[in-house]
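Colleague: Could you take a close look with me at the charged pairs in this model? I would like to go through them one at a time.

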Amino acid sequence: IGDDIAWIKPGEDGRLYAINPEAGYFGVAPGTNTHSNPNCMASLNKNVIFTNVALTDDGDVWWEGIDAEAPAHLIDWQGKDWTPAIGKDTGRKAAHPNSR
């Protein structure tokens, strides 16, 4: 249930009308793991859309702060190759800080 986005349109009667375009639950991924939010992690098994997270070589998703250590290779949120060494050398994150 989203609470931070609204599409607002002025009506012909001068009043503002708004809708929330989001459906379902959402949250920021980085830092979310089974210790920080076990219920959230348990809900991510099916019918989930991820945005701006990293992609593992086997097609799974990964972000900084998830339970697992960084894999040896990822495709980052910008579609670029990413490795722990690249992250260490450049400070570049695999997942966007506002990934969901």
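Colleague: Let's start with Arg15: is this residue buried or exposed?

Modeller: Happy to help! Please bear in mind that this is a predicted model, where local features need pLDDT of at least 70 and side-chain atom pairs count only at pLDDT 80 or more, while totals for chains, interfaces and linings use all residues. Residues are numbered from 1 along each chain as its sequence is written, and side-chain values use heavy atoms, with hydrogens and water left out.

Arg15 counts as exposed, because its relative accessibility is 52% (exposed means over 50% relative accessible area, buried under 20%, partly exposed in between, with a 1.4 Å probe and protein chains only). The side chain of Arg15 forms a salt bridge with that of Asp13, at 3.2 Å from N to O; the term means a side-chain nitrogen of Lys or Arg within 4 Å of a carboxyl oxygen of Asp or Glu. Asp13 has 45% relative accessibility, so this residue is partly exposed.

By this rule there are two salt bridges. The other joins the side chains of Asp76 and Arg92, with 3.1 Å from N to O. This pair links distant parts of the chain, 16 residues apart: Asp76 lies in the loop between β5 (74-75) and β6 (81-82), and Arg92 in the segment after α2 (84-90). Helices (H or I, at least four residues) and strands (E, at least two) are DSSP runs, numbered from the N terminus. Asp76 is buried because its relative accessibility is 3%, whereas Arg92, at 25%, is partly exposed.
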